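Q: I'm new to this one. Please walk me through it, topic by topic.

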Amino acid sequence: MQADRRPLRILMTNNTLDQPAGSELYLRDLALSLMRCGHFPVAYSQSLGPVADRLRAATIPVVDDLRDLSAVPDVIHGQHHLETMTAALRFPQVPVTYTCHGWIPWQEWPPVFPNILHYVAVDDLCRERLLTSAGVPADQISVLHNFVDLDRFRKVRDLPDKPKSALVFSNSAAQVPKAIRDACTRMGIERVDIVGQNSGRSAAHPETILADYDVVFAKARAAIEAMASGCAVVVMDYGQLGGLVSSSNLQSMRGLNFGIRTLQNQLLHQDKIERELERYDASDARAVTQWIRANAGLEAAVDQWLEIYYRTIERWSDVAGTLHDRERLTSASRYVSQLAPRVKAKEQAEHCKNLAEADLRAAKAQLERDTAVAANNDARHKARIAELEREVQGLRRELQGRKRELERHRFPGLAVRMAWQGFEKQVLKRCRRQIASFRKPKS
């Protein structure tokens, strides 16, 4: 940073500042470093949580309503289009840089607005998104690859000749994938753990645990942090396998941020994981770690960002006078028209959801009524069966009495049997049919 360049007030936006994830941690680390350099970052999001608490604890202001911010920023560091456009429209006199962190997420869709003078992609694939989905000119795009805070990740592992421990470092995995566990077992890796949001073991301070593992399965920022900690890294997530990071593929994978395009080679199968683990080389992993720590540090990224901020402000001083409200309003109208189909679709989906929930509640209520009626009928049927069984018992006693009476009168044996059988046909069978009909399951 040049000595004559004044400290900047930088408004930084993000979709959420809740749980620690990629863009949230990117903003957090960059804001903390900018503050340490003497600048005045302010964070904005409408969804706050632990990341916002960490920023506030470090004395960085966090707002969820831009009306609370009376000081006009010098530049807006935009991440995610809704928050970026909210800030750009709130401060129409301020230049904006927009950062694209992903190829797929809708929130990363690049907006076009006169105040957005420069775009930053965190990898080569995000640059493609900027070039092909928003028509951003190539000379307005910079690629600033993801970084790692080396002051936090200062502990570096000394790898053994053969790996004995592994970690799945993923916010999407709920448990260690079976293919990974089985492959590690086959390769003699005795300990396999997992951290991340969906597993219930959120890693708020990964710098305290990464250097405890020989192999880490991860992608993107998590993969970079693991490499900086001295771990051998296998790029993996979403059931896809990118492979072991080595000196031979480090540059190409770094250009794609160890992300989604590197995960398209193969599915996460045990035999394929074993092949990657067989490529484990402690000395090569150390070379990867040395390169990452020499070329992917936060300090260099902050210098690059400051250069972009100052250039954007300088360019704004040249173009601000040529922009008119009509141009801004036209761009804002175009942006709203692009949002409209998605907003309407969400509204329709919400309406359908409410209807479905109402139908479900009605069906549950009807089921409860039918169950009550069935239970009542069942009780009445059981009572009737018990009554009939008592009648049968009474008839049996009566028949026994008649039999004894006949025997007392010394009727011939044949006559007794015929009398018994006739009475049984007339009375007992009728009772048994009634009992059977009550016991027969209802359709």
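A: A definition to begin with. On a 1 Å grid over the protein atoms alone, a cavity is a set of points where a 1.4 Å probe fits but cannot get out; a pocket is an open set with protein on both sides within 12 Å along at least five of seven lines; lining residues have an atom within 4 Å of a point. This is a predicted model, where local features need pLDDT of at least 70, side-chain atom pairs count only at pLDDT 80 or more, and totals for chains, interfaces and linings use all residues. Residues are numbered from 1 along each chain as its sequence is written, and side-chain values use heavy atoms, with hydrogens and water left out.

Q: OK, how many cavities of 30 Å³ or more are there?
A: Two. The largest holds about 50 Å³ of space. A volume here is the space filled by probe spheres set on the grid points, which are joined across faces, edges and corners.

Q: Which residues line the largest cavity?
A: Ala232, Leu244, Val245, Ser246, Arg279, Tyr280, Asp281, Asp284 and Ala285.

Q: And how much space lies in the largest pocket?
A: About 1,200 Å³. It has 43 lining residues, and those closest to its centre are Ala21, Gly22, Ser23, Lys219 and Tyr238.

Q: Which helix gives the most to that lining?
A: Helix 1, with five residues. Helix 1 (22–36), helix 4 (124–133) and helix 6 (220–228) each supply at least two. Helices are DSSP runs of H or I with at least four residues, strands are runs of E with at least two, and both are numbered from the N terminus.

Q: Back to helix 6. Which residue there has a positive phi although it is not a glycine?
A: Ala220, which lies in helix 6. Its phi is about 50°. Ala220 is buried, at 15% relative accessible area. Buried means under 20%, exposed over 50%, and partly exposed in between (1.4 Å probe, protein chains only).

Q: What about Asn257?
A: Asn257 is not a glycine either, and has a positive phi of about 60°. It sits in the loop between helix 7 (250–255) and strand 13 (266–267). Asn257 is buried too, at 7% relative accessibility.

Q: New topic. How many disulfides are there?
A: Zero. A disulfide is a pair of cysteine sulfur atoms within 2.5 Å.

Q: Why does Cys100 have no bond with Cys126?
A: Because the two sulfurs are 4.1 Å apart, too far for a bond, although Cys126 has the closest cysteine sulfur to Cys100. Cys126 is likewise in no disulfide.

Q: Is Cys100 buried or exposed?
A: Buried, at 0% relative accessibility. Cys126 is buried as well, at 1%.

Q: Now charges. How many salt bridges does the structure hold?
A: 20. A salt bridge is a side-chain nitrogen of Lys or Arg within 4 Å of a carboxyl oxygen of Asp or Glu. Side chains of opposite charge can pair when their charged atoms come close.

Q: What does Asp214 pair with?
A: Arg157, with the closest N and O atoms 2.6 Å apart. Asp214 lies in the loop between strand 9 (191–195) and strand 10 (215–218), and Arg157 in the loop between strand 7 (141–143) and strand 8 (165–169), so the pair ties together parts that are 57 residues apart in sequence. Asp214 is buried, at 2% relative accessibility. Arg157 is partly exposed, at 23%.

Q: What about salt bridges in helix 11?
A: Asp325 bridges to Arg328 at 3.6 Å, closest N to O. The two are three residues apart in helix 11, about one helical turn. Asp325 is exposed at 56%, while Arg328 is buried at 13%. Another pair in helix 11 is Arg384 and Glu387, also three residues apart. Their side chains meet at 3.1 Å, N to O. Arg384 is partly exposed at 27%, and Glu387 is partly exposed at 34%.

Q: Which residues are linked in a network of salt bridges?
A: Arg28, Asp29, Arg152, Glu207, Arg221 and Glu225.

Q: Last topic, the surface. Which residues make the nonpolar patch of about 280 Å²?
A: Trp103, Ile104 and Ile260. Patches are made of residues with over 30% relative accessible area and no salt bridge: like charges are joined within 9 Å, and nonpolar side chains (Val, Leu, Ile, Met, Phe, Trp, Tyr) within 5 Å. Accessible areas come from the Shrake-Rupley method with a 1.4 Å probe, and for residues only the protein chains shown count as cover.

Q: Where is Trp103?
A: In the loop between strand 5 (96–100) and strand 6 (116–121). Trp103 is partly exposed, at 36%.

Q: How far is Lys346 from Trp103?
A: They are 22 Å apart in space, C-alpha to C-alpha, and 243 residues apart in sequence. Lys346 is in helix 11 (325–408) and is exposed, at 58%.
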